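Please open the structure in your viewer and keep the selection panel at hand. The tour below proceeds from one selection to the next.

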Amino acid sequence: MPVTLITGGSSGIGAAAARQLLDLGHSVTVTGRNADRLDSFAASVGRPAELLTIAGDASNPAAVQDTVDATLKTFGQLDNAVANAGFATHDSLDDGDPEGWRSMILTNVLGPALLIRAALPALKVSRGRIVLVGSVAGHVHTPGNIYGATKFAVTGLAENTRQMVTGDGIGVTLVSPGAVETHFSDPVGGLAPGRERISADQLAASIVWALTQPAGVDINTLIVRPIGSPR
Ligand SMILES: NC(=O)c1ccc[n+]([C@@H]2O[C@H](COP(=O)([O-])OP(=O)(O)OC[C@H]3O[C@@H](n4cnc5c(N)ncnc54)[C@H](OP(=O)(O)O)[C@@H]3O)[C@@H](O)[C@H]2O)c1
């Protein structure tokens, strides 16, 4: 059965995708910075042998390489890499805190690049797939939105990656969510109350769908909004 690595899989969209893939019989590695949150996720799915949890920062090159190496050591192969870890500072270019931006930019932009780089040799062997979790904010401009700028970078990274690996039999999918009900919107200034959202499970179904396409089929861009989304 396939082996899938998901960064930021201890909650929200990543956790929902991991659950669905475990149900399909995949072996799954999930990462996150907070070890307790990872452990709670493992407990919630019954700590199966097909789950590997690794605490680490998706923006740290050594940690990302270690995660790929540990996945290969534990499961023997890597078929899918899902660059999902990310967050928003929910502030604006004119009055936000640049210190918060550094970590957001490194997680949202450097993180996916590090995962692609580290996973590529194994994905070439498996002729596997890469999924990048972007955002509607990476397709539609919003005034002063620095988070959106990181997701525009993810949109660009997805197509640049696709063009890089066309000769390697690797699929590349950008999944760009609109508003999803997760911890993402917890901070003050997050998604407006009353705004339409889809569930993490509903969004994760698109990731799983992209990962389970027949060999030779490459789904490139999915924008997944709640019905009624204003933008
Ligand atoms: N929810 C939405 O409305 C929405 C909309 C568009 C796009 N997205 C994107 O969807 C992705 C998943 O977010 P979510 O909504 O599922 O939010 P979430 O519930 O907060 O989950 C984020 C996950 O990423 C992990 N994470 C964050 N920074 C990390 C880092 N530097 N290294 C490793 N793990 C990290 C978190 O664990 P730790 O905090 O323990 O590290 C957590 O497991 C993000 O890329 C986000 O930008 C979300």
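Begin by selecting Leu 174 and Thr 221: in this predicted model, Leu 174 stands opposite Thr 221 of strand E9. Extend the selection to the whole of strand E6, residues 171–177, which pairs with E9 in the parallel sense over four bridges.

Next, display the full sheet. Seven strands form an open sheet with parallel pairing, in the order E3-E2-E1-E4-E5-E6-E9. Its edges are strand E3 (51–55) and strand E9 (221–224), each of which pairs on one side only. On average, neighbouring strands are turned by 15° against each other, direction ignored.

Now add helix H4, residues 98–126, which packs on the sheet. The helix touches strand E1 (3–6), strand E4 (80–83) and strand E5 (129–133), and its direction makes about 180° with that of E4.

Turn then to the ligand and select the 31 residues around it, of which Ser 10, Arg 33, Ala 58, Tyr 147 and Thr 182 come nearest. This shell divides into eleven nonpolar, 16 polar and four charged residues. Colour helix H1 (12–23) and helix H5 (146–165) as well: each supplies at least two residues of the shell.

Which atoms of Ser 11, Ala 58 and Asn 84 should be inspected beside the ligand? For Ser 11, a side-chain N or O atom is 3.0 Å from a ligand oxygen atom. At Ala 58, a polar backbone atom is 2.8 Å from a nitrogen atom of the ligand. At Asn 84, a backbone N or O atom lies 2.8 Å from an oxygen atom of the ligand. Finally, show the ligand surface: taken alone, the ligand exposes 880 Å², and the protein buries 95% of that.

Notes. Residues numbered from 1 in each chain as written. Predicted model: local features only at pLDDT ≥ 70, side-chain atom pairs only at ≥ 80, totals over all residues. Heavy atoms only, no water. Pairing = 2+ DSSP bridges. Axes fitted to C-alpha atoms, helices over the stretch in contact; angles between N-to-C directions. Contact = heavy atoms within 4.5 Å. Near = heavy atom within 4 Å. Polar contact = N/O pair within 3.5 Å; in protein donor to acceptor, adjacent residues only side chain to side chain. Areas by Shrake-Rupley, 256 points an atom, 1.4 Å probe, with all protein chains shown as cover. Nonpolar A, V, L, I, M, F, W, Y, C, P; charged D, E, K, R; others polar.
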